[in-house]
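Reader: I'm new to reading protein models. Could you walk me through this one, starting with the empty spaces?

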Amino acid sequence: MIFEKYEFAGLPPETLGFAHGSIDRAAHRRDDANFLEDVLFLKNTKTVVFAGDIPVVSGQEAPLNILFDLKNVPFAGRAAQPIFLGLENGSARFAISLPFDVLNDWGSNADFQTINLRTLAVKSLISKDALNLLATAQALINWHSKHRFCANCGYKTQIKSAGWKRACTACETEHFPRTDPVVIMMAVRGDMCLLGRSPRFPPKMYSCLAGFVEPGESIEGAVRREIIEETGIVIGGVAYHHSQPWPFPMSMMIGCTGEALTEEITVDGVEIEDAQWFSKAELSHIMAGTHPEGLTAPTKMSIAHHLMKDFLS
């Protein structure tokens with residue numbers, strides 16, 4: 001068979017954050033002004049609300065609610081044009097961002113609160129589908145906030161295609177939401193794996209190496225370049241694992257495993273402050289939280305955690 005030589009990645013792990021979405025993005029509806037106007041205030045239409053770029057949620061116990069009726073959102077008139085996210089079970093979903101100051105009155109109701117997206121994910125405070133919906137909305141909201149002026153001529157841009165495009169009001173150049181590819185990878189050699197520490201990490205946490213894919217670079221090339229730049233380890237073969245939307249602010253994490261051809265580590269001292277080879281036995285203690293030196297791993301919502309977990313299995 002033609003596919004015999006391929007190994008398919010399969011569905012994302014259940015706990016992988018932001019990667020599980022059931023919404024139909026319905027791209028063909030984004031320029032249908034009549035449809036968008038008709039569905040905006042329908043009973044089953046719901047909106048995710050942000051204070052700036054922080055989600056507004058309701059409820060006291062997980063899973064918290066992220067969906068609101070737009071007509072019941074105070075000061076919605078001060079929001080930018082609603083972004084059409086798509087259809088969920090046939091019902092429209094939108095996103096709006098309100099200034100922080102107008103959320104004060106609404107927030108006086110104890111049932112409403114703002115919780116940043118990373119906390120919602122790490123603490124599993126909302127459902128998998130809700131997490132993906134918020135990730136999509138936050139990435140778009142961040143993009144709009146940074147692209148109010150044309151990169152071609154400097155004039156103001158305006159929202160088009162229900163939030164999936166901006167167009168210059170002068171030169172008419174069209175601008176589209178960007179997604180920045182990032183490789184995150186584990187180098188392996190026999191039963192040893194390479195993990196590193198960024199200065200930004202919590203104390204004693206080790207994780208997979210990561211870095212942005214540069215222009216004109218393949219995923220495999222980025223894996224090899226980042227690992228040799230940060231640790232001096234030469235990589236041969238590269239295998240794809242899974243990908244993960246990462247809306248901080250608008251990245252795509254591409255998980256990979258790399259075959260290490262060398263062992264001597266030389267950290268760059270900038271991106272990475274320390275890197276070490278860990279045996280499977282030692283990694284199992286790190287993952288279980290029983291390492292004698294108190295070393296820890298990333299949480300289950302990150303692709304790094306699953307690269308480490310799969311290496312053990």
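Reader: What volume does the largest cavity have?

Author: Quick background: this is a predicted model, where local features need pLDDT of at least 70, side-chain atom pairs count only at pLDDT 80 or more, and totals for chains, interfaces and linings use all residues. Residues are numbered from 1 along each chain as its sequence is written, and side-chain values use heavy atoms, with hydrogens and water left out. On a 1 Å grid over the protein atoms alone, a cavity is a set of points where a 1.4 Å probe fits but cannot get out, and a volume is the space filled by probe spheres set on the points, with points joined across faces, edges and corners. By this rule there is 1 cavity of 30 Å³ or more, and the largest cavity has a volume of about 40 Å³.

Reader: Which residues line the largest cavity?

Author: A lining residue has an atom within 4 Å of a grid point. By class the lining has 4 nonpolar, 1 polar and 2 charged residues, where Ala, Val, Leu, Ile, Met, Phe, Trp, Tyr, Cys and Pro count as nonpolar, Asp, Glu, Lys and Arg as charged, and the others, Gly among them, as polar. The names are Leu40, Phe41, Leu42, Thr45, Asp69, Leu70 and Lys71.

Reader: And the largest pocket: which residues are closest to its centre?

Author: A pocket is an open set of points with protein on both sides within 12 Å along at least five of seven lines. About 790 Å³ of space lies in the largest pocket. Of the 31 residues that line this pocket, the closest to its centre are Arg118, Arg200, Phe201, Trp246 and Met253.

Reader: Which element gives the largest share of that pocket's lining?

Author: Helices (H or I, at least four residues) and strands (E, at least two) are DSSP runs, numbered from the N terminus. Helix 3 (117-122), strand 9, strand 11 (209-212), strand 12, strand 13 and helix 7 each supply at least two lining residues, and the lining as a whole divides into 19 nonpolar, 8 polar and 4 charged. The largest share, 4 residues, comes from strand 11.

Reader: Why is helix 7 said to be largely enclosed by the rest of the structure, and what does it pack against?

Author: Buried means under 20% relative accessible area, exposed over 50%, and partly exposed in between (1.4 Å probe, protein chains only). In helix 7 (residues 303-312), 7 of the 10 residues are buried, so the helix is largely enclosed; they are Ile303, Ala304, His305, His306, Leu307, Met308 and Phe311. Counting contact as heavy atoms within 4.5 Å, these buried residues pack against strand 9 (180-189), strand 10 (192-197), strand 12 (235-246), strand 13 (251-260) and helix 6 (280-288).

Reader: Which element gives the most to the largest nonpolar core?

Author: A nonpolar core is a set of buried Ala, Val, Leu, Ile, Met, Phe, Trp, Tyr and Cys residues joined through side-chain atoms within 4.5 Å. This one has 48 residues, and Val48, Leu85, Leu120 and Leu195 touch the most other members. With 8 residues, the element that gives the most is helix 4.

Reader: How are strand 12 and strand 13 joined, and where is proline 249?

Author: Two strands pair if DSSP finds at least two bridges between them. Strand 12 and strand 13 pair in the antiparallel sense over 8 bridges, with methionine 252 as the bridge partner of proline 245, and a hairpin joins them through 4 residues. The peptide bond from phenylalanine 248 to proline 249 is cis, with omega near 0 degrees, and proline 249 sits in the loop between strand 12 and strand 13.

Reader: Which strands stand at the edges of the sheet ordered 6-7-8?

Author: The 3 strands form an open sheet with antiparallel pairing. Each edge strand has a single partner strand, so one side of each is left without a neighbour in the sheet; the two are strand 6 (157-160) and strand 8 (174-175).

Reader: Is alanine 26 buried or exposed?

Author: Alanine 26 lies in the segment before helix 1 (33-39). Its phi is near 45 degrees, a positive value in a residue other than glycine. At 3% relative accessibility, alanine 26 counts as buried.
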